[in-house]
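This briefing is for a reader meeting the structure for the first time. Please look over the sequence and the model before reading on.

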Amino acid sequence: MNKLEEICANKRVEVGQRRAERSVTALDHRAAGRSAPRGFENALRKRANDGFALIAEIKKASPSKGLIRADFQPADHARAYEAGGATCLSVLTDAPYFQGHEDYLVEAREACSLPVLRKDFMVDPWQVAEARSIGADAILIIVAALEDSVMAEIEAAARERKMDVLVEVHDEAEMERAARLNSRLIGVNNRDLKTFTTDLATTERLVSLAPEGTLLVGESGINTHADCERLAAAGVRTFLVGESLMRQEDVAAATRNLLQG
Ligand SMILES: O=P(O)(O)OC[C@@H](O)[C@@H](O)c1c[nH]c2ccccc12
């Protein structure tokens with residue numbers, strides 16, 4: 001079993017327990033108290049037209065790096081990312097492997113006006129209702145983790161709630177499977193989930209295979225403005241960045257530097 005399979009096996013148990021306590025109807029009722037979805041994909045498309053669009057990630061820890069930021073303050077980081085020019089946020093909510101929490105998403109979203117992606121491991125459409133109930137504007141589908149039929153159900157649950165879907169791939173076969181979904185927001189994860197090494201060449205390799213009309217997002221291992229320029233040369237102007245920003249004392253300045261050089 002690789003790490004992703006292990007995480008998803010645990011997630012199925014975790015979700016099974018929570019699901020027994022809360023129906024989709026109850027979650028949708030709770031979602032009615034949140035502000036409407038903020039238009040995650042649209043915001044990115046607009047910005048990527050005339051510059052670099054950044055999905056800035058609020059990430060406390062990861063399985064490969066351990067603790068990334070000790071003084072972790074989701075609301076402060078959200079404001080810093082917004083001030084630094086980020087277009088959207090991604091907030092890790094997985095607890096066992098990323099030390100995330102639902103409350104971090106709620107706090108981050110309330111502290112700014114940016115659209116927010118719930119970064120977690122979706123294995124069940126029920127989680128989409130849960131994500132909207134805490135205010136998430138978008139969810140992630142990791143193609144490597146799911147069968148086609150489940151991906152389609154999760155996507156449909158998101159569309160029903162007017163949420164956007166970031167579809168994550170990391171090789172050619174996954175890009176082909178992503179193309180069978182409706183979403184045209186596709187992220188290429190540069191991190192090899194078996195070795196945890198990152199290589200920007202992964203994004204470069206897959207650019208030409210994306211279906212027409214796709215907004216491609218380069219994910220993971222993006223550390224500098226030069227990295228952004230490198231991906232831009234391949235036609236990718238939207239990035240998802242966590243660790244390299246979360247490690248900086250001044251997150252707003254680091255965000256500005258990443259985007260502007
Ligand atoms: O911290 P980085 O190297 O900038 O990477 C961010 C993001 O791409 C990474 O956190 C990520 C990409 N796909 C995921 C799926 C689940 C959890 C985390 C991720």
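**Strand β1 and its surroundings**

Strand β1, residues 53-58, is mostly covered, with six of its six residues buried. The model is predicted. The points below take up the strand, its partners, the ligand shell and the annotated domain.

Burial of β1
- One side of β1 carries A53, I55 and E57, and the other carries L54, A56 and I58.
- Both faces of the strand are covered, as these residues are all buried.

Partners of β1
- β1 runs parallel to β10, and four bridges join the two strands.
- In this pairing, A53 stands opposite T238 of β10.
- β1 also pairs with strand β4, residues 88-92, in the parallel sense and over four bridges.
- Here I58 of β1 is the residue opposite V91 in β4.

Shell around the ligand
- The ligand is surrounded by 15 residues.
- The closest of them are E219, S220, V241, G242 and E243.
- β10, residues 238-241, supplies at least two residues of this shell, and so does α12, residues 243-246.
- By type, the shell residues divide into six charged, five polar and four nonpolar.
- β10 thus appears twice in this briefing: it is joined to β1, and it contributes to the shell around the ligand.

Annotated domain
- An unreviewed UniProt entry annotates residues 4-258 as "domain: Indole-3-glycerol phosphate synthase".
- In the model, this span is 45% helix and 17% strand.
- The C-alpha atoms at the two ends of residues 4-258 lie 29 Å apart.

Technical notes:
Residues are numbered from 1 along each chain as its sequence is written. This is a predicted model: local features need pLDDT of at least 70, side-chain atom pairs count only at pLDDT 80 or more; totals for chains, interfaces and linings use all residues. A residue is near a molecule or strand if its C-beta atom, placed from the backbone, lies within 6 Å of it. Ala, Val, Leu, Ile, Met, Phe, Trp, Tyr, Cys and Pro count as nonpolar, Asp, Glu, Lys and Arg as charged, and the others, Gly among them, as polar. UniProt positions are given in the numbering used here, feature names are shortened, and annotations may be inferred rather than shown by experiment. A residue is buried if 20 or more other C-beta atoms lie within 10 Å of its own, exposed if 12 or fewer, and partly exposed in between; C-beta atoms are placed from the backbone. Two strands pair if DSSP finds at least two bridges between them.
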